[in-house]
Amino acid sequence: MDTTAQRKVETQPSLRSGPAASASPRLTLSGISKSFPGVRALHNVSLSLYPGQVTALIGENGAGKSTLVKIMTGIYQPDSGEIGIDGEVTTLPSAHAAFGHGITAIHQETVLFDDLSVAENIFLGHAPRTRFGTIDWRTMRKNAREVLETMRAGHIDADARLKDLGIANKHLVAVARAMSIDARIVIMDEPTAALSMKEIEELFLLIEFLKNEGKAVLFISHKFDEIYRIADRYTVFRDGEMVGEGLLKDTGQNAIVRMMVGRNVDHIFPQREPKIGAPVLSVSGLSHPTEFDDIGFELRKGEILGFYGLVGAGRSEVMQAIAGITRTSRGTISLDGRMIAPRSAADSIEAGIVYVPEERGKQGVVIGLPIFQNVSLPSLARTSKSGVLRLVEEFSLARSYTERLDLRASSLSQDVGTLSGGNQQKVVIAKWLATTPKVIILDEPTKGIDIGSKAAVHGFMAELVAQGLSVIMVSSELPEILGMSDRVVVMREGRIAATYDNKGLDAETLVRTAAGIVA
Amino acid sequence: MTDTPAPRHIPDRLDKPLSSAIFSWEALLVVIASAIFIVNSFASPYFLDPWSLSDLTFNFTEKGLIALAMALLIISGEIDLSVAAIVALASTMMGMAVQAGAGTPLLALIGIVVGLGCGAFNGLLVTRLGLPSIVVTIGTMSLFRGIAFIILGDQAYKGYPESFAFFGQGYVWWVFSFELALFLGAALIYWFVLHRTSFGRRVFAIGNNPVACQFSGVRVDRIKFILFCLTGLMSGIASVLITSRLGSTRPSIAQGYELEAITMVVLGGVSILGGAGSILGVVLAAFIMGLVTFGLGLLNVPGIVMSIFIGLLLIIVIALPIVWRRLREGRFA
């Protein structure tokens, strides 16, 4: 066991060149695989982190980055593969074990304690003790101040409540915590997502500091300018596999985009001949105080309009505003030439716009109710008579839509919670279609569902538009966007960055537009 | 996902209605009620007399009326702890009206309207301000009863008109009291509303997943507001009955009723987490509570011990399903 690990470490190809050619990796993951029921999250991936270097982990949403972070921090156990630290094969059976090896993760939203002081946050779990076993507050404060000093963050008061600090200073405290446990491997999972430009600069200074201290840093970000600014190495994941790694100074942005996108051949999209008619839905100047600004687009009869963008680009928020769930500050929505101002989902459904939410479990299905009651929920006014339920009507409504979607269930009275994710999604889509809408907005309609269910959903979408319905499909999956859409709207940071006709459109263009890279 | 071959036709239901009825919580409650009934009939020679059985029903009809509305509220994922205080405030207002010379119909109307108003107040605080109902109604519990105490101090209102006594002391036929008839009639209405109307369906759906309901176009806040109003209304009706039965109002009237009403609801099989339950179960639980307290009364068990009993019963019926599930999971893990 030990010898194979040693050999693997020695034959790391990336050791042949680079700024720290003499250094050996501090952490090596090799041949890691991890599956969840119905999903293969990681397949035979490798990753190496070097002391004093920042490695960027790059990949689309769902490429397996978070799963890998959870394996590195001991939260998940890999199904197969080896973890080596300083060349020794080891396991990380728990978060505590990872902590013991000096692995620490700093997340998008810091997992610190708002109501504790800065010093307490830094030393939680390893506070200095007096000889009576109680916490030695004086030493703890002193040590906290020392750690903050060495990070050039002496402006942070060790006695301040964490909640009184800004997000950037909270990151500093998180890093101070990493320093105090003598962390040797620091994982930063999209740390800049919630930061302003100035705060990002401060964070970068901090990462430089960690590099100089000889820490091995894993930096996860969607933003290419940041990656090129701070990282030395890169590793690219796609669909749970490692598709490339190397030194950033030798690799251009376009090459990395190509690796991220790759080719996907295992899924065939339905062939259809779009019959596109007059505009059905037109949105103009739609704005929200914080989430999106000046959104304008048109959806035509029989059209599938794809919405692509990075997570946080504001796509779901726009759709929820159109569906009456979130309020807007400005702008107009008109359906069939008539202005509508939905104040609730009930208003939108009545007008003929339905929104199939992304968060299936939280916003889509009502677990605890049987399938047929889930399907009839938004259509109860139609299936009941003067407020009295008519079960026969409900069953026939539920049957006609779930059977069209090829739902796999033993009976319509089965609790929807007993179905697989893909079949739950079919119930959710059936529920919305049963309201006979004019416009259906699907938010990540195939996220986290198996290939078979994906194909059923795609096939059904093609059927819907053929019948004259109009579809908006929000998706972060490039093959789906390219395979299904007639036109594609790309959003970036709350605004529409570009709208493309899906004729000869390629994935790289979309990724570049979404990330704001000038070709 | 189980890989069964694609069933083109999905049946409506698979389970046999009879077998699911036999193993239901309601069936268990029938067994428990029968057992207590038999034990009681051996424990006291007076128990089987029709008039003592009739007296027994007064032990649960007033709380039971509140429990019917409370059941819907708990199924929707909310709770109202202020119901007993609403009873006290409504009773106090009726007492004031008596001093001013109000007649029986006006008194009953005042009791009902005050109850409805208090319920609407709770409902507005919960739905408009988005506060958790447990906090709101703990607050209004003190508020409503506090008002009753300020008005009454250690005094009592008496002098209710003779015709007013019918609500709490009258009989519609032989040993069947007006209270019992009202309770059974209300139970029938609540059963219909909860189990046979689209309103009831939405109540269940909200209790299981309020966010998905909102996304599905269910007007969640409006339904919750109506449920708080109904609970207030039933508390107002219960106040008329109690005040009529006692013939007087003290600020401590109906003390502890909220716990007994909630115990009935939970014993009746309504999930304290919301989303599941039945009116039949609540009615059966009301009978069981009446049987138990009446039986203990026949055995000369003092009131303090009874409140200990109610407390224990509440803990047991809430804990039982949870412990049961853990035990089963432990075995299969």
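**Exercise 1.** Which residue forms a salt bridge with A:Glu303, and how far apart are the closest N and O atoms?

*Solution.* Keep in mind that this is a predicted model. Start with the partner: A:Glu303 pairs up with A:Arg487, and their closest N and O atoms are 2.6 Å apart. Next, place the two residues. A:Glu303 sits in the loop between strand E12 (295-300) and strand E13 (304-309) of chain A, while A:Arg487 belongs to strand E19 (residues 487-492) of chain A, so the bridge ties together parts that are 184 residues apart in sequence. Last, check the burial: A:Glu303 and A:Arg487 are both buried.

**Exercise 2.** Take the salt bridge between A:Lys34 and A:Asp79 and work out whether each residue is buried or partly exposed.

*Solution.* First, the contact itself: the side chains come together at 3.9 Å, N to O. A:Lys34 is in strand E1 (residues 27-36) and A:Asp79 in the loop between helix H2 (65-72) and strand E4 (80-85), 45 residues apart. Now the cut-off: buried means under 20% relative accessible area. A:Lys34 has 12%, so A:Lys34 is buried. A:Asp79 comes in at 48%, so A:Asp79 is partly exposed.

**Exercise 3.** Find out why the salt bridge between B:Asp12 and A:Arg399 joins two chains.

*Solution.* Begin with the distance, which is 2.7 Å, N to O. B:Asp12 lies in the segment before helix H1 (17-22) of chain B and A:Arg399 in helix H15 (residues 391-404) of chain A, so the pair joins two chains. Then look at accessibility: B:Asp12 is partly exposed at 26%, whereas A:Arg399 is buried at 17%.

Technical notes
Residues numbered from 1 in each chain as written. Chains lettered and ligands numbered in written order. Predicted model: local features only at pLDDT ≥ 70, side-chain atom pairs only at ≥ 80, totals over all residues. Heavy atoms only, no water. Salt bridge = Lys/Arg side-chain N within 4 Å of Asp/Glu carboxyl O. Helix = DSSP H or I, 4+ residues; strand = E, 2+ residues; numbered from the N terminus. Buried < 20%, exposed > 50% of the residue type's maximum accessible area, 1.4 Å probe, protein only.
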